[in-house]
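Please open the model in your viewer and keep the sequence panel beside it, so that each selection can be followed in both.

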Amino acid sequence: MAKYGPDVFSVLAKQYGPIFRFHMGRQPLVIVADAELCREVGIKKFKDIPNRSIPSPIAASPLHQKGLFFTRDSRWSTMRNTILSVYQPSYLAKLGDVTFSDLSLKLATDVIGKAAFGVDFGLSKPISDKMNHHQGDNEVQEFIKQHIYSTTQLKMDLSGSVSIILGLLVPILQEPFHQVLKRIPDYISAVTYEQLLAGSATTSFTLSSIIYLVACHPEVEQKLLAEIDAFGPDDHIPTANDLQKKFPYLDQVIKEATRCYIVSPLVARETSAVVEIGGYKLPKGTWVWLAIGVLAKDPKNFPEPEKFKPERYDPNCAEEKQRHPYANIPFGIGPRACIGQKFSMQEIKLSLIHLYRKYIFRHSPLMESPLELEYGIVLNYKHGVKVQAIKRK
């Protein structure tokens, strides 16, 4: 594990095939590394595999079990349907104009706060604006400050066991949070923190990945800039419909970047009944982990998988037409897929359009090569993505 990190599942899949089993102590665990089998687990047999597996660190945290991510069965369905309305296109289209000023975690946290909770955290405002910004409850400010700290500082010990290595298994609630969250009902606390974490850390990582990859592929940058410039002047803000239909190459760039640097390489599930997957009968209580990071680098679906080629997602491309529809599933699969997928895509697109209208980016000589990844709740860049912003003429 210490040698390969999350790539260990690619190594094991090559040796043992697309579905294999091992044990974590007494806990049976099945790894699935095949697109069709992932569809079987995540969609076709969802009724028998409806819940996420809950590792012992999370099981010891009552607050985590009350959030959407680890809530189970009918309670999860009710909570999901309630939260889902916030992220529907009809709701998102009503949001006011959002101006993006940087690629930081603070930016993504501000967007989630404003869109999902109606709260202006003011984290990404210029210093002069912050001085005039109403500070509100100091406890809320402390909560957000600790949120930024936790999502940037969490690390995993790669010399530890599987249960420590995988990001979903790390308990993230630390003592400072209790001072704020103890005054709020547990379910609200859990869901609020979950939405902030899921919506900020993942978006920040994806934006950083795109900027990094485009900066070292000038032909991609040229096509991307041409599409963005063709849309109209800088003060022409894209609508939700525009984002969906008028930026096809931007779509391809985002999809390819999320394939190259997938935020979370595993999707965790647990069987609630005896179920057959891939010809194998799995007992009730078996953990089933979908190795979506392995799928994203499978040369059967992605020839030359180590290359950054957005054109592979062109709908007229032979590779796109032949590819399994679940070969790249960075937002998960089935009813338990990320409920904020459409929101996240709009946020990422608006950010990139705003940035590339004004700047292009080049790798800083201070940035290491290749980039070193850090394995936590989600993947992160250990030393960040260092670039030079060059103002466009």
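## Starting at a strand pair

Select H23 first, and you will find that this residue stands opposite P28 in β2. The model on screen is a predicted one, and the two strands chosen here, β1 and β2, pair in the antiparallel sense over six bridges. Move next to the turn of this hairpin, where two residues lie between the strands and G25 takes a positive phi near 65 degrees.

## Across the open sheet

Now extend the selection to the whole sheet, which is open, has four strands in the order β1-β2-β6-β3, and shows mixed pairing. Colour β1 (19–24) and β3 (267–270) separately: these strands stand at the edges with a single partner strand each, so one side of each is left without a neighbour in the sheet. Looking along the sheet, you can follow a twist that averages 25 degrees from one strand to the next.

To see how the mixed pairing arises, step from β2 to β6, where the pairing is in the parallel sense over four bridges. Selecting V30 is a convenient way to check this register, as its bridge partner in β6 is V288. Continue from β6 (residues 287–290) to β3, and the sense becomes antiparallel, again over four bridges; here E270 stands opposite W287 in β6.

Before leaving the sheet, add helix α1 (residues 8–16), which lies across β1, β2 (27–32) and β6 and runs at about 120 degrees to β1.

## A pair of helices

Turn next to helix α13 (residues 218–231) and helix α15 (residues 248–260), which pack with their axes 8 Å apart and at an angle of about 140 degrees. α13 and α15 are therefore oblique to each other, and their crossing is left-handed. Show side chains for V220, K223, L224 and E227 of α13 together with P248, Y249, L250 and V253 of α15, since these residues make the contact. Sorted by class, this contact of α13 with α15 has six nonpolar residues, two charged residues and no polar ones.

## Two stops along the chain

Select D234, in the loop between α13 and α14 (240–245). Is D234 buried, partly exposed or exposed? At a relative accessibility of 43%, D234 counts as partly exposed, because that class takes in values between 20% and 50%. Leaving aside its neighbours within four places in sequence, D234 is in contact with R357 and K358, and a distance drawn from its C-alpha atom to that of H354, 120 residues apart along the chain, should read 7.9 Å.

Then move into helix α14 and select L243, which is buried, with a relative accessible area of 3%. Which residues is L243 in contact with, leaving aside its neighbours within four places in sequence? They are P238, Q346, K349, L350 and I353. For L243 and L350, which are 107 residues apart along the chain, the separation of the C-alpha atoms is 7.9 Å.

## Stepping back

Finally, display the protein chain as a whole, with its 18 helices and 10 strands. Buried residues make up 49% of the 393 residues in this chain. Among its contacts between residues at least 6 apart in sequence, 68% join residues at least 24 apart, and the contacts of D234 with R357 and K358 can be revisited at this point as a case to look at in the viewer.

How values were computed: Residues are numbered from 1 along each chain as its sequence is written. This is a predicted model: local features need pLDDT of at least 70, side-chain atom pairs count only at pLDDT 80 or more; totals for chains, interfaces and linings use all residues. Side-chain values use heavy atoms; hydrogens and water are left out. Two strands pair if DSSP finds at least two bridges between them. Axes are lines fitted to C-alpha atoms, for helices over the stretch in contact, and angles run from 0 to 180 degrees between N-to-C directions. Contact means heavy atoms within 4.5 Å. Angles under 35 degrees count as roughly parallel, over 145 as roughly antiparallel, 65 to 115 as roughly perpendicular and the rest as oblique. A crossing is left-handed if the near helix is turned anticlockwise from the far one by less than a right angle, and right-handed if clockwise. Ala, Val, Leu, Ile, Met, Phe, Trp, Tyr, Cys and Pro count as nonpolar, Asp, Glu, Lys and Arg as charged, and the others, Gly among them, as polar. Buried means under 20% relative accessible area, exposed over 50%, partly exposed in between (1.4 Å probe, protein chains only).
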